[in-house]
Amino acid sequence: GIEAGYVKPKKSLFEGAVGNSLFRSTLEPHVLMFVGKLGVPAGPVRFYAQGGATYHRATISTIQDSVDGIEDRFELRTAGWGWTFGGGLEAWVAPAVAIYAEGGRSALKGAGVESAGEGRLDERLTYAVAGLRIAVSR
C-alpha cells in the first residue's frame with residue numbers, strides 16, 4: 001500500500017554559552033511523509049515495513065546575547081527532501097476497526113529558502129505513533 005502523513009514535532013530549544021556570549025536556538029519543523037508499505041498478515045495481526053520520502057519546511061531561530069549587551073538575531077527557513085523508513089503492526093479487533101503502533105526514522109535535509117541556498121538543515125527525526133484505523137469500506 002501507499003500512505004501520506006503529516007508530522008509536526010514539538011519546537012526544540014537549545015541553549016548554551018560560548019566565551020562571553022549566551023545563545024538560544026529553536027527548531028520548528030513541519031514534515032510530510034510519503035511511504036510505500038509492505039505487510040505480512042498473521043491471523044488478525046499484520047506486520048509491515050515502510051520506506052519512502054520526506055519533505056520538510058523548518059524555521060531555525062537563534063538569539064545571541066553578549067556581555068556587552070549586544071543582541072544578534074538570526075533566522076533561517078529551510079525546505080527539502082530526505083528519506084524515511086520504519087515499520088509497525090496493526091491488529092484488527094473488529095471487522096472495520098484496528099489498533100496500530102509504528103515507529104521510524106526520517107532525514108530532514110534542505111537548504112535555505114530565502115537565502116539563495118545558504119544555510120542547511122541536516123537532522124534526523126525518530127518517531128513512534130499509535131492509533132486507531134477505521135475501514136470505510138470493506
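So, T54 and its neighbours. Leaving out residues up to four places away in sequence, T54 touches V31, L32 and M33, then G80, W81, G82, W83 and T84, and finally S106 and A107. One thing to say right away: this is a predicted model, so please keep that in mind for everything that follows.

Where does T54 lie? It's in strand 4, which covers residues 45–66. And is T54 buried or exposed? It's buried, because its relative accessibility is 1% and the cut-off for buried is under 20%. The side chain of T54 also has a partner I'd like you to find on screen: it reaches the backbone oxygen of A107, at 2.9 Å. A107 is also one of the residues in that contact list.

Okay, let's zoom out to the whole protein. How many helices and how many strands are there? Zero helices and seven strands. If you read along the sequence, you get β-β-β-β-β-β-β.

Now the overall dimensions. The radius of gyration is 20 Å, while a compact globule of 138 residues would have one near 14 Å. The C-alpha atoms fill a box of roughly 70 × 25 × 25 Å along the principal axes. Turn the model around and you can look for that 70 Å direction yourselves.

A few more whole-protein numbers, quickly. Of the 138 residues, 30% are buried. The accessible surface is about 8700 Å², and carbon and sulfur atoms account for 60% of that. On the charges, there are 15 positive and 14 negative ones, and their mean positions sit 11 Å apart. And then contacts: if you take those between residues at least 6 apart in sequence, 58% of them join residues at least 24 apart.

Let's look at some individual residues with that in mind, beginning with strand 7. That strand runs over residues 120–134, and I've picked three residues from it.

L125 is in strand 7. At 12% relative accessibility, L125 counts as buried. What does L125 touch, if we ignore neighbours within four places in sequence? The answer is V7, P9, V31, M33, G104, R105, S106 and L108. Take P9 from that list: L125 and P9 are 116 residues apart in sequence, yet their C-alpha atoms are 8.8 Å apart in space. You may recognise V31, M33 and S106, which T54 touches and L125 touches too.

Next is A128, again in strand 7. Why do we call A128 exposed? Because its relative accessible area is 69%, and exposed means over 50%. Not counting residues up to four places away, A128 touches E102 and G103. The C-alpha atoms of A128 and G103 are 4.1 Å apart, with their positions 25 residues apart in sequence.

Then R133, also in strand 7. R133 comes out as buried, at 19% relative accessibility, and remember the cut-off is under 20%. Which side chain does R133 make a polar contact with? That would be the side chain of E90, at 2.4 Å. Beyond its sequence neighbours up to four places away, R133 touches E3, K37, Y48, E90, W92, A96, V97, A98, Y100 and E102. E102 is one we just met with A128.

Last stop, over to strand 3 and the loop before it. N20 is in the loop between strand 2, residues 12–18, and strand 3, residues 21–42. N20 counts as exposed, with 60% relative accessibility. Its contacts, again without residues up to four places away, are D65, S66 and V67. The C-alpha atoms of N20 and V67 are separated by 5.7 Å, and the two are 47 residues apart along the chain.

L22 is in strand 3. Buried or exposed? L22 is exposed, at 53% relative accessibility. Apart from neighbours within four places in sequence, L22 is in contact with G16, A17, I63, Q64 and D65, so if you click on D65, you'll find N20 touching that residue as well. And there's E71, which is 49 residues away from L22 along the chain, with 9.6 Å between the C-alpha atoms.

To close, back to where we began: T54, buried at 1% relative accessibility, with its side chain reaching the backbone oxygen of A107.

Terms used. Residues numbered from 1 in each chain as written. Predicted model: local features only at pLDDT ≥ 70, side-chain atom pairs only at ≥ 80, totals over all residues. Heavy atoms only, no water. Helix = DSSP H or I, 4+ residues; strand = E, 2+ residues; numbered from the N terminus. Buried < 20%, exposed > 50% of the residue type's maximum accessible area, 1.4 Å probe, protein only. Polar contact = N/O pair within 3.5 Å; in protein donor to acceptor, adjacent residues only side chain to side chain. Contact = heavy atoms within 4.5 Å. Rg over C-alpha atoms; globule rule 2.2 N^0.38 Å. Areas by Shrake-Rupley, 256 points an atom, 1.4 Å probe, with all protein chains shown as cover. Lys, Arg positive; Asp, Glu negative; His and termini not counted. Charge placed at Lys NZ, Arg CZ, Asp CG, Glu CD.
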